[in-house]
Amino acid sequence: MTEPARLRDTVTARALSERLDMAAVLGRGGPMYAGLARDLQRLVEDGAVAADARMPSERVLARVLGVSRVTVASAYRSLREQGVLTSVHGAGTFVVPRSDARPWGRLNAGEGPDVLEFVNAAPPPSAFLGAAYEAAARRLASTAAHSGYVPGGVEHLREAIARRYTMRGLPTTADQILVTAGATDAIHAVVEALVGPGNRVLVEHPTYPGALETMRAVGATCVPVPLDPGDPGAFVDTADRAARQHDPVLAYLMPDHANPSGSVLPTDTRRRLAATLHRHGVVTLVDEVAVDLDLDGAGALEPFGAPVPDRAVVTVGSLSKSVWGGLRLGWVRADAAHLARIATGYSHRQLSVSLIDQYAALELLADYEDVVAHRCAQLRAGRDALTAALARSVPSWRFRSPAGGLSVWCTLPSGQRSTDLVDRARERGLALAPGTRFGTGYAFDDCQRIPFTRTPEEIEDAVAVLAELMGGASAGPRERVPSRAVPDAVV
Ligand SMILES: Cc1ncc(COP(=O)(O)O)c(C=O)c1O
């Protein structure tokens, strides 16, 4: 706390009240101050309230939230005791910057040797990765005179990515592709170009937390549109109503094997949805990172946006799930006008994506059917192990076995909360992401995502812990499995 207090950001009571759902705090039972403290802590952990920010005074926050000053004072006291807040005499109450905070990872995966990491849905490196990099290194050796900077991406790679879209039924040329360092980078480039502070963005709900964070980072407001994987057709009307009511500039969707729900929009639904959003003048940002993870061989569906004009849809993809997140290779596909805007913004912060990664991607795309088949076989084994273990060991959980993707989205039995489960699982060495990560506000505390990206044995281990926590079959002392080092905050 070396900066003068007046230079720190102040979070207003109004801003906090917009992010706090007091009805939910009340509805959970227990002392109100404890619920308030917990939710304030979550805002700090999520980064919604910055480290070092000055909190509103107890009196003002109590008035804006419509609670007694004692409630706010007790919540602040509890947070001071936990080291989340600190009070500086005469200056106010501040969020304590955590000395161990890692600004690049809000969701700590728990990398200790004794932790089973089920936070992120991040598969291990593809078996094809090593050979691809060896070939890429040879290619690099023969391009000695090259500056190494390739704005927009290597032409052959953009051609290869464009060819895949064309094969899937979306005619695409290389100049419609911008190569990025992964899909997150691509989403960020698109959102920076098309969304401004105060704009609204429709998001399917549940959704990918990284996208929510990107929208918030540019000051946009996410409008959740409920998606029922059992009835995806209903989504069109709901999205239509939301577009009419909220006047969004963008909709963020995952039509193929959505994270976390596993939902796939049927062809007629995606056609109607694309047309509806286009009619409202909403650009759809389609996230296709899981498009190839078709585990049951159902066959690829028509790409979202195929029947609407190119300018209505911007698509992002990456090799992070089919190959490996460590590759950091993704892309944007857009019409010429959007791509020019997106690429110009991107060029201000990224001169060029790593050349050796682009060459490796080119190699991988040459054998892509084999690469995908191998990954799908691995994920299928994981999914089957997970669904069997869940059905056997935690029969009170409800879930649909997804046809693709990387995770199973479960509904917990009445009265169970994911946030509690996650805390208790952590004590047993199992790291999970709470359901609330996948929604806005307080949604999905009754849901739990379980990735099936780890080995069947590790999955069995994880479910044994869950069974024990649910009061079912005792798992006995778990033999600790060394965790792979998985990057934080992939989710
Ligand atoms: C739906 C979705 N989009 C994007 C990403 C991030 O992908 P990348 O590693 O390519 O940045 C993820 C990672 O979990 C994801 O699930």
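**Loops, holes and a ligand: worked exercises**

R328 is found in the loop between strand 9 and strand 10 (330-333). Strands here are DSSP runs of E with at least two residues, helices are runs of H or I with at least four, and both are numbered from the N terminus. The model is predicted, so local features need pLDDT of at least 70 and side-chain atom pairs count only at pLDDT 80 or more, while totals for chains, interfaces and linings use all residues. Residues are numbered from 1 along each chain as its sequence is written, and side-chain values use heavy atoms, with hydrogens and water left out.

**Exercise 1. Go to R328 and work out the sign of its phi.**

Step 1: Read off the angle, and you get a phi near 55 degrees.
Step 2: That is a positive value, and R328 is a residue other than glycine.

**Exercise 2. Find which residues a cis peptide bond joins to P206 and P260.**

Step 1: Start in the loop between strand 5 and helix 9 (209-217), where P206 sits. Its cis partner is H205, and omega is about 15 degrees.
Step 2: Move to the loop between strand 7 and helix 11 (267-279) for P260. Here the cis bond is with N259, at an omega of about 10 degrees.

**Exercise 3. Look for the largest cavity and say what lines it.**

Step 1: Rolling a probe the size of a water molecule over the atoms shows where empty space is left. A cavity is a set of points, on a 1 Å grid over the protein atoms alone, where a 1.4 Å probe fits but cannot get out; lining residues have an atom within 4 Å of a point.
Step 2: Get the volume, meaning the space filled by probe spheres set on the points, with points joined across faces, edges and corners. For the largest cavity that comes to about 150 Å³.
Step 3: List the lining. There are 13 residues, and R164, R168, V291, D292 and W331 are the closest to the centre.
Step 4: Sort by element. Helix 7 (155-167) and strand 9 (313-318) each give two or more residues, with helix 7 giving the most, three.
Step 5: Sort by class. You should have seven nonpolar, two polar and four charged. (Ala, Val, Leu, Ile, Met, Phe, Trp, Tyr, Cys and Pro count as nonpolar, Asp, Glu, Lys and Arg as charged, and the others, Gly among them, as polar.)

**Exercise 4. Pick R164 and find its salt-bridge partner.**

Step 1: Apply the rule: a side-chain nitrogen of Lys or Arg within 4 Å of a carboxyl oxygen of Asp or Glu. The whole structure has 20 such bridges.
Step 2: For R164 the partner is E369, with the closest N and O atoms 3.0 Å apart.
Step 3: R164 lies in helix 7 and E369 in helix 14 (residues 368-393), so the pair ties together parts that are 205 residues apart in sequence.

**Exercise 5. Repeat the lining analysis for the second largest cavity.**

Step 1: Its volume is about 30 Å³.
Step 2: Residues on the lining include L202, V203, E204 and F235. Strand 5 (200-205) supplies the largest share, three residues.
Step 3: By class, count eight nonpolar, no polar and one charged.

**Exercise 6. Work out which residues come nearest to the ligand, and how much of its area the protein covers.**

Step 1: Take residues with a heavy atom within 4 Å. Of the 15 you find, A183, T184, D287, S320 and K321 come nearest.
Step 2: Check polar contacts, pairs of N or O atoms within 3.5 Å. D287 has a polar side-chain atom 2.6 Å from a ligand nitrogen. An oxygen of the ligand lies 2.6 Å from a polar side-chain atom of S320, and K321 puts a side-chain N or O atom 2.8 Å from a ligand oxygen.
Step 3: With Shrake-Rupley areas and a 1.4 Å probe, the protein covers 97% of the 400 Å² of accessible area that the ligand has on its own.

Methods. On a 1 Å grid over the protein atoms alone, a cavity is a set of points where a 1.4 Å probe fits but cannot get out, and a pocket is an open set with protein on both sides within 12 Å along at least five of seven lines; lining residues have an atom within 4 Å of a point. A polar contact is a pair of N or O atoms within 3.5 Å; within protein, one must be able to donate a hydrogen and the other to accept it, and residues adjacent in sequence count only if both atoms are side-chain atoms.
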